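Reader: Got a minute to go through this one with me? I'd like the fold first and then a few residues.

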Amino acid sequence: QVQLVESGGGLVEAGGSLRLSCAASGRTFSNYVMAWFRQAPGKERVFVASISWSGLNTYYADSVKGRFTISRDNAKNTVYLQMNSLKPEDTANYYCATNSRPRTFGYDLWGQGTQVTVSS
């Protein structure tokens, strides 16, 4: 059974940085796409960033390009989201996501989320 556990959220001032981590267990990590989504109060969950199984391809929402960086360490079964120049509008619950099928884009497995709050 696949498990995704996020960590690293917290309270930070605008302009600050945070690094989120998502530890995966239960299967061969390197065969699967990984992504981060976020959901602000009263809003839908939206895509933030993704990284291919090889790590060679990354994709970002326009709202975070140039500020956030997604990466993965397949040896540690962990995906990261480095968030710099944080803004109050980045406040949300951040979710790690993956696909139940290897080498397949799209997301049907989710972590429990970690809260990020950016104060102005």
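Author: Sure, here is a chat through the overall fold, the cysteines and some single residues.

Author: Two ground rules before we start. This is a predicted model, where local features need pLDDT of at least 70, side-chain atom pairs count only at pLDDT 80 or more, and totals for chains, interfaces and linings use all residues. Residues are numbered from 1 along each chain as its sequence is written, and side-chain values use heavy atoms, with hydrogens and water left out.

Reader: Fine. How many helices and strands are there?

Author: The chain has 0 helices and 11 strands. Helices here are DSSP runs of H or I with at least four residues, strands are runs of E with at least two, and both are numbered from the N terminus. Along the sequence the pattern reads β-β-β-β-β-β-β-β-β-β-β.

Reader: And what's the radius of gyration?

Author: It's 13 Å, which agrees with a compact globule, because 120 residues would give a value near 14 Å. That radius is taken over C-alpha atoms, and the globule rule is 2.2 Å times the number of residues to the power 0.38. The C-alpha atoms fill a box of roughly 40 × 25 × 25 Å along the principal axes.

Reader: How much of the chain is buried?

Author: Buried residues are 40% of the 120. Buried means under 20% relative accessible area, exposed is over 50%, and partly exposed is in between, with a 1.4 Å probe and protein chains only.

Reader: What about the exposed surface, how much area is there?

Author: About 6200 Å², with carbon and sulfur atoms supplying 47% of it. Those areas come from the Shrake-Rupley method with a 1.4 Å probe, and for residues only the protein chains shown count as cover.

Reader: Charges? How many positive and negative side chains?

Author: There are 12 positive and 8 negative, and the centres of the two sets lie 7 Å apart. Lys and Arg count as positive, Asp and Glu as negative, while His and the chain ends are not counted. Each charge is placed at NZ of Lys, CZ of Arg, CG of Asp or CD of Glu.

Reader: On to the cysteines. Which ones form a disulfide?

Author: Cys22 and Cys96, with their sulfur atoms 2.1 Å apart. The rule is a pair of cysteine sulfur atoms within 2.5 Å, and the count comes to 1 disulfide. The pair links distant parts of the chain, with Cys22 in strand β3 (residues 18-25) and Cys96 in strand β9, 74 residues apart.

Reader: Left-handed or right-handed?

Author: Left-handed, with -80 degrees about the S-S bond. Both Cys22 and Cys96 are buried.

Reader: What's in contact with Val79?

Author: Val79 lies in strand β8 and counts as buried because its relative accessibility is 0%. Contact means heavy atoms within 4.5 Å. Setting aside neighbours within four places in sequence, Val79 has a list of contacts that includes Cys22, Cys96, Trp36, Met34 and Ile51.

Reader: Where's Asp90, and is it buried or exposed?

Author: Asp90 is in the loop between β8 (78-83) and β9 (92-98). With 1% relative accessibility, Asp90 counts as buried. Not counting residues up to four places away in sequence, Asp90 touches Arg38, Arg67, Phe68, Ser85, Val116 and Val118.

Reader: Switching to backbone angles. Which residue has a phi of about 55 degrees?

Author: That's Asn77, which is not a glycine. Most residues other than glycine have a negative phi. Asn77 sits in the loop between β7 (68-73) and β8, and Asn77 is partly exposed, with a relative accessible area of 25%.

Reader: And what is phi at Arg103?

Author: Positive again, about 50 degrees, and Arg103 is not a glycine either. Arg103 is in the loop between β9 and β10 (109-110), and Arg103 is exposed at 51% relative accessible area.

Reader: Last one, the start of the chain. What does Gln1 touch?

Author: Gln1 touches Ser25 and Gly26, not counting residues up to four places away in sequence. Gln1 and Gly26 are 25 residues apart in sequence and 5.3 Å apart in space, C-alpha to C-alpha. Gln1 is in the segment before β1 (3-7) and is exposed, with a relative accessible area of 85%.
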